[in-house]
Amino acid sequence: MKLYHALCNVGKFRTVFDFGGREVAHWFPGHMAKGLKQMRASLKSVDCIIEIHDARIPFSGRNPAFQETFDVRPHLLILNKMDLADLSNQERILKKLEKKGVTNVLFTDCLKQRDDNVKKLVPMVVEIIESKPRFNRDENTNYCLMVIGVPNVGKSSLINSLRRTNLKKGRASRVGGEPGITKAVLTRIQVCQRPIMHLLDTPGVLPPKIESVETGMKLALCGTILDHLVGEDIIADYLLYSLNRLGVFSYVEKYNLQEPSDDIQYVLKRIAVKLGKTQRVTAITGVGNITITIPNYTAAAYDFIRTFRKGELGQVMLD
């Protein structure tokens, strides 16, 4: 009876997310514009473009400037963080990308110590390059690749994973859990000896105008836009809406809830209570000021979002 009641409640949950007329901030700092300019200037020495994107949003948020600017070179799309994505419909993803003209696709988990798909990258890239004219680089026996993508999708992690796999060497690019770690186009980094192959790491570049608020929310949820630009509260609410829409109710057990909920304030209060996230505030009363302890909703929202990004709420497909 309890399960029946919970399922009835789920049927009443939101089917559309109310963005409240808000607009996602146009996050295009100076280092992004400068980085894109440097990337275009470096194209002459590049044999192949490797674009990395988050596997949870294979169709949302890819920068159209990449396709417009870099289509002059062979292109490989890497959908990284596959360990966090629900890939049960992988064929559907590949077919939809093929309709958009993207035929070379590889799924990876670059943080994994040994990812078999990363091993496929070098032979795949060589085959892609050799299938097309190299023009002014035809006589070169070594290869130069450029890694591009929106922020925080794993570009530096890919470089480090390739070095670990092919050269048995440590990391060459700094990795972080928030966007904006790589600020400039770096020097060439060797990632393979046979054949000799170098990669150019680049800063993450978002489009100057994100195509829709929904796309912006998906990017924010995956950590591609800095949280404070959108607001942790709205990201947490969109996360709850998305999990419920996908039928992923792992948050119920994670945070000791009685049943799935569509009320973000209730969920965050329960998270704050479970984690002991409280704050002391001053309340003004008719007989003087008193200090009271209330749940810290911001800290709870941050934990909810971080738990999702770490994959602790299960694998999801947001597109």
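Select Ile264, Gln265, Leu268, Lys269, Ile271, Ala272 and Leu275 in helix α11, then add Tyr297, Ala300, Ala301, Asp303 and Phe304 in helix α12; these two sets are in contact. Keep in mind throughout that the model is predicted. Colouring the selection by class gives 9 nonpolar, 1 polar and 2 charged residues in the contact of α11 with α12.

Now widen the selection to the whole of both helices: α11 covers residues 264–275 and α12 covers residues 297–309. Their axes lie 8 Å apart and cross at an angle of about 90°. An angle from 65 to 115 degrees counts as roughly perpendicular, and α11 is therefore roughly perpendicular to α12.

**A second helix pair**

Go next to helix α5, residues 116–130, and helix α6, residues 155–166. Here the packing angle is about 85°, and the axes are 10 Å apart. This pair is therefore also described as roughly perpendicular.

To display the contact, pick Val118, Lys119, Leu121 and Val122 on the α5 side. Their counterparts in α6 are Leu158, Ser161, Leu162, Thr165 and Asn166. By class, the contact of α5 with α6 holds 5 nonpolar, 3 polar and 1 charged residues.

**Strand β4 and its neighbours**

Hide the helices and select strand β4, residues 143–148. Is β4 buried or exposed? Of its 6 residues, 6 are buried, so the strand is largely enclosed by the rest of the structure. Show the side chains to tell the two faces apart: Tyr143, Leu145 and Val147 belong to one, while Cys144, Met146 and Ile148 belong to the other. Both faces are covered.

Add strand β1, residues 48–54, which pairs with β4 in the parallel sense over 4 bridges. To find the register, label Ile49, whose bridge partner in β4 is Met146.

Then add strand β6, residues 197–200. The pairing of β4 with β6 is parallel and runs over 4 bridges. A useful label here is Met197 in β6, with Tyr143 opposite.

**The whole protein**

Finally, show everything again. The protein has 12 helices and 8 strands. Of its 319 residues, 51% are buried. Switch on the surface: about 16,000 Å² is exposed, and carbon and sulfur atoms supply 50% of that area. For a contact map, take the contacts between residues at least 6 apart in sequence; 70% of them join residues at least 24 apart.

Technical notes. Residues are numbered from 1 along each chain as its sequence is written. This is a predicted model: local features need pLDDT of at least 70, side-chain atom pairs count only at pLDDT 80 or more; totals for chains, interfaces and linings use all residues. Side-chain values use heavy atoms; hydrogens and water are left out. Axes are lines fitted to C-alpha atoms, for helices over the stretch in contact, and angles run from 0 to 180 degrees between N-to-C directions. Angles under 35 degrees count as roughly parallel, over 145 as roughly antiparallel, 65 to 115 as roughly perpendicular and the rest as oblique. Contact means heavy atoms within 4.5 Å. Ala, Val, Leu, Ile, Met, Phe, Trp, Tyr, Cys and Pro count as nonpolar, Asp, Glu, Lys and Arg as charged, and the others, Gly among them, as polar. Buried means under 20% relative accessible area, exposed over 50%, partly exposed in between (1.4 Å probe, protein chains only). Two strands pair if DSSP finds at least two bridges between them. Accessible areas come from the Shrake-Rupley method with a 1.4 Å probe; for residues, only the protein chains shown count as cover.
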